[in-house]
Amino acid sequence: QVQLVESGGGLVQPGGSLRLSCAASISIFSVYGMGWYRQAPGKQRELVAVVTSGGTTRYADSVKGRFTISRDNAKNTVYLQMNNLKSEDTAVYYCNANRVYSVSDTRTYWGQGTQVTVSF
């Protein structure tokens, strides 16, 4: 069974930094695409950043240049380094793992989420 455990959230002032971690209990972690999503109160969950099994990254326009996603396959962990945080980054951040088994079979897993609050 796949388990994703996020950590690193908290309260930070605008302009500050946080690093989120997601530890995955997955066999063959390296074949999974990994990502971070977030959900603010009253809003839909949105993509923040993803990194493919091959290491290709993609970011939401709102975080480009400020956030960096990375993965350590030896530690089964994906990270999200968040710099120059803004109040609009306040949300619950969720770790995501997905694996494509076939054209019609993609399996997706979610962590429980970690709260990030950007405020004075």
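Begin by selecting Asn76, which sits in the loop between β7 and β8 of this predicted model. Its phi is near 50°, a positive value in a residue other than glycine. Widen the selection to the two flanking strands, and the setting becomes clear: β7 and β8 form a hairpin with 4 residues between them, and Asn76 belongs to its turn.

Follow the hairpin away from the turn and display the backbone of both strands, which run antiparallel and are joined by 6 bridges. As a checkpoint along this pairing, pick Arg71, whose bridge partner in β8 is Val78. Now show the side chains of β7, where Phe67, Ile69 and Arg71 make up a covered face, while Thr68, Ser70 and Asp72 make up an uncovered one.

From β8, move on to a second asparagine, Asn84, in the loop between β8 and β9. Asn84, too, has a positive phi although it is not a glycine, the value being about 50°. Is Asn84 buried or partly exposed? With a relative accessible area of 43%, Asn84 counts as partly exposed, because that class covers the range between under 20% for buried and over 50% for exposed.

Next, return to β8 and select Leu80, one of the residues with the most contacts inside the largest nonpolar core. Once its neighbours within four places in sequence are set aside, Leu80 is in contact with Leu18, Arg19, Leu20, Trp36, Val48, Ala49, Phe67, Thr68, Ile69 and Tyr93. Two of these contacts, Trp36 and Tyr93, are named alongside Leu80 among the core residues with the most contacts, as are Leu4, Met34 and Met82. The core as a whole has 29 residues, and the elements giving two or more residues to it are β3 (18-25), β4 (33-39), β5 (46-51), β7 (67-72), β8 (77-82), β9 (91-102) and β11 (114-118). In soluble globular proteins, nonpolar side chains tend to be buried together.

Stay with the core and select Met34, which lies in strand β4. Met34 is buried, with a relative accessible area of 1%. Apart from residues within four places in sequence, its contacts are Leu4, Phe29, Ala49, Val50, Val51, Ile69, Arg71, Val78, Cys95, Asn96 and Ala97. A distance label between the C-alpha atoms of Met34 and Asn98 should read 6.5 Å, although 64 residues separate the two along the chain.

Then display the whole of β4, in which 6 of the 7 residues are buried, so that the strand is largely enclosed by the rest of the structure. To which strands is β4 joined by bridges? It runs antiparallel to β9, with 7 bridges between them, and antiparallel to β5, with 5 bridges. For landmarks, select Met34 with its bridge partner Ala97 in β9, and then Gly35 with its bridge partner Val50 in β5. The hairpin of β4 and β5 has 6 residues between the strands, and there Gly42 takes a positive phi near 75°.

Before leaving the core, go to Leu4 in strand β1 (residues 3-7), along which the side chains alternate: Leu4 and Glu6 point to one face and are buried, whereas Gln3, Val5 and Ser7 point to the other and are not. β1 runs antiparallel to β3, to which 5 bridges join it, and Glu6 stands opposite Cys22 of β3.

Now come back to β4 and select Gln39, which is found in that strand. Gln39 is partly exposed, with a relative accessible area of 29%. Not counting residues up to four places away in sequence, Gln39 touches Gln44, Arg45, Ala91, Val92 and Tyr94. Thr90 is 51 residues from Gln39 in sequence, yet the two are 8.6 Å apart in space, C-alpha to C-alpha.

Gln39 and Thr90 also lead to the last stop, since both are on the lining of the largest pocket. Complete that selection by adding Arg38, Ala40, Lys43, Gln44, Glu46, Ser62, Arg66, Glu88, Asp89 and Ala91. The pocket has a volume of about 150 Å³. Colour its lining by residue class, and 2 nonpolar, 4 polar and 6 charged residues should appear.

Technical notes. Residues numbered from 1 in each chain as written. Predicted model: local features only at pLDDT ≥ 70, side-chain atom pairs only at ≥ 80, totals over all residues. Heavy atoms only, no water. 1 Å grid on protein atoms, 1.4 Å probe; cavity = no way out; pocket = protein on both sides within 12 Å on 5 of 7 lines; lining within 4 Å. Points joined across faces, edges and corners; volume = space filled by probe spheres on them. Nonpolar A, V, L, I, M, F, W, Y, C, P; charged D, E, K, R; others polar. Core = buried A, V, L, I, M, F, W, Y, C linked by side-chain atoms within 4.5 Å. Buried < 20%, exposed > 50% of the residue type's maximum accessible area, 1.4 Å probe, protein only. Contact = heavy atoms within 4.5 Å. Pairing = 2+ DSSP bridges.
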